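Colleague: I am new to this one and would like to understand the words used for it. Could you take me through them?

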Amino acid sequence: RQRRGHGKPVMRNILLHGHIFKNAGSTFDWSLKQSFADGFLDHRDDKPMRLTGSEVLERLVTENSDLCAISSHHMTRDMPQLHGVNFISVNLLRHPILRIRSVYDFERKQKGVTPGAIAARDKSFRDYVAWRMQPDVVRTIRNYQTLYLGGCHRSIDNHGVKGYFSQVLESIGTGSLLGIVERYDESMVVLEETLRDVFPGIDLSYVAQNVSAKSGKGDRNGDDGVAEAVAELGNLAKTVLDENSFDQALYQVACLELDEKIRSIDQFSEKIESFRARLQRKKKGIFSRIAGA
């Protein structure tokens, strides 16, 4: 909870998590729920958020005085201007090639009837990706992260993506916070240090949620996973890289930003060691409760 002063106007801080599909958002939301309890809202009414997101946020904040954090798969970039309210945007980014593999693995095990789930069940990884590269198919794995952070919810070609990319870079420079899925623990420590002034009790340690099983072919969350996916894509890899050039550039910028913030934090190595000790205690606590149930 946010601490209030005595006799002074208090700025109300609201954390907004843009839950990007297959970017560890469920794990981050789990931590937000642990930290904020009823002050956290996992917002699932997607259509209004896409169409009138600013109005949705204004209503949620004004009608729920204890609200501290909101997560949405379609978090708006159009923030309402509310007196005494400060919105803090947080997004997690993933290496675009690793994200493509995760999207495929997730959709393949779904029993739904969405075009993506049907295609993933019926097609090999390469054929699924080839289908997703078609211009008339939703851009789920084509510069999706850039467009998400830019607030684009419409069909667009790569020429149009460039304009959104410039907007996203500007927002990063003006306070939008980013984490990296492949560097999750480091990202959480940086976010804790960044947010602690406004959320003194924030604890982003976690028990991983909604995690796909790893293959036996090495680490699918690192360089081995990228190399494996590129090899499997064969001559389609160039198209995939071209169609994700802005996501790749955004990812590199975010990694550089993370490196810079880590360098600015005193005793970072000790803090990440402490964070990982919290992880182990949290996992043991969860397993102990399950065993005793």
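Colleague: What makes the crossing of H8 and H11 left-handed?

Modeller: A crossing is left-handed if the near helix is turned anticlockwise from the far one by less than a right angle, and right-handed if clockwise. The crossing of H8 and H11 is of the left-handed kind. Please keep in mind that this is a predicted model, where local features need pLDDT of at least 70, side-chain atom pairs count only at pLDDT 80 or more, and totals for chains, interfaces and linings use all residues. Residues are numbered from 1 along each chain as its sequence is written, and side-chain values use heavy atoms, with hydrogens and water left out.

Colleague: Why are H8 and H11 called oblique to each other?

Modeller: They pack at an angle of about 55°, with their axes 10 Å apart. Axes here are lines fitted to C-alpha atoms, for helices over the stretch in contact, and angles run from 0 to 180 degrees between N-to-C directions. Angles under 35 degrees count as roughly parallel, over 145 as roughly antiparallel, 65 to 115 as roughly perpendicular and the rest as oblique. H8 and H11 are therefore oblique.

Colleague: Which residues of H8 and H11 meet?

Modeller: Glu-186, Ser-187 and Val-190 of H8 meet Leu-258, Lys-261 and Ile-262 of H11, where contact means heavy atoms within 4.5 Å. By class, this contact has three nonpolar, one polar and two charged residues. Ala, Val, Leu, Ile, Met, Phe, Trp, Tyr, Cys and Pro count as nonpolar, Asp, Glu, Lys and Arg as charged, and the others, Gly among them, as polar.

Colleague: What makes an empty space a cavity, and what makes it a pocket?

Modeller: On a 1 Å grid over the protein atoms alone, a cavity is a set of points where a 1.4 Å probe fits but cannot get out, while a pocket is an open set with protein on both sides within 12 Å along at least five of seven lines; lining residues have an atom within 4 Å of a point. The structure holds one cavity of 30 Å³ or more. The largest cavity has a volume of about 100 Å³, a volume being the space filled by probe spheres set on the points, with grid points joined across faces, edges and corners. Strand S5 (177–180), helix H8 (184–195) and helix H11 (245–264) each give two or more residues to its lining. That lining divides into eight nonpolar, three polar and two charged residues.

Colleague: And what is the volume of the second largest pocket?

Modeller: The second largest pocket has a volume of about 420 Å³. Of its 14 lining residues, the closest to the centre are Arg-77, Gln-167, Ser-171, Thr-174 and Ser-176. The largest share of the lining, four residues, comes from H7.

Colleague: Why are H3 and H5 called roughly perpendicular?

Modeller: The axes of H3 (residues 96–108) and H5 (residues 125–132) come within 11 Å and cross at roughly 105°. H3 and H5 are therefore roughly perpendicular to each other. Their contact divides into six nonpolar, no polar and three charged residues.
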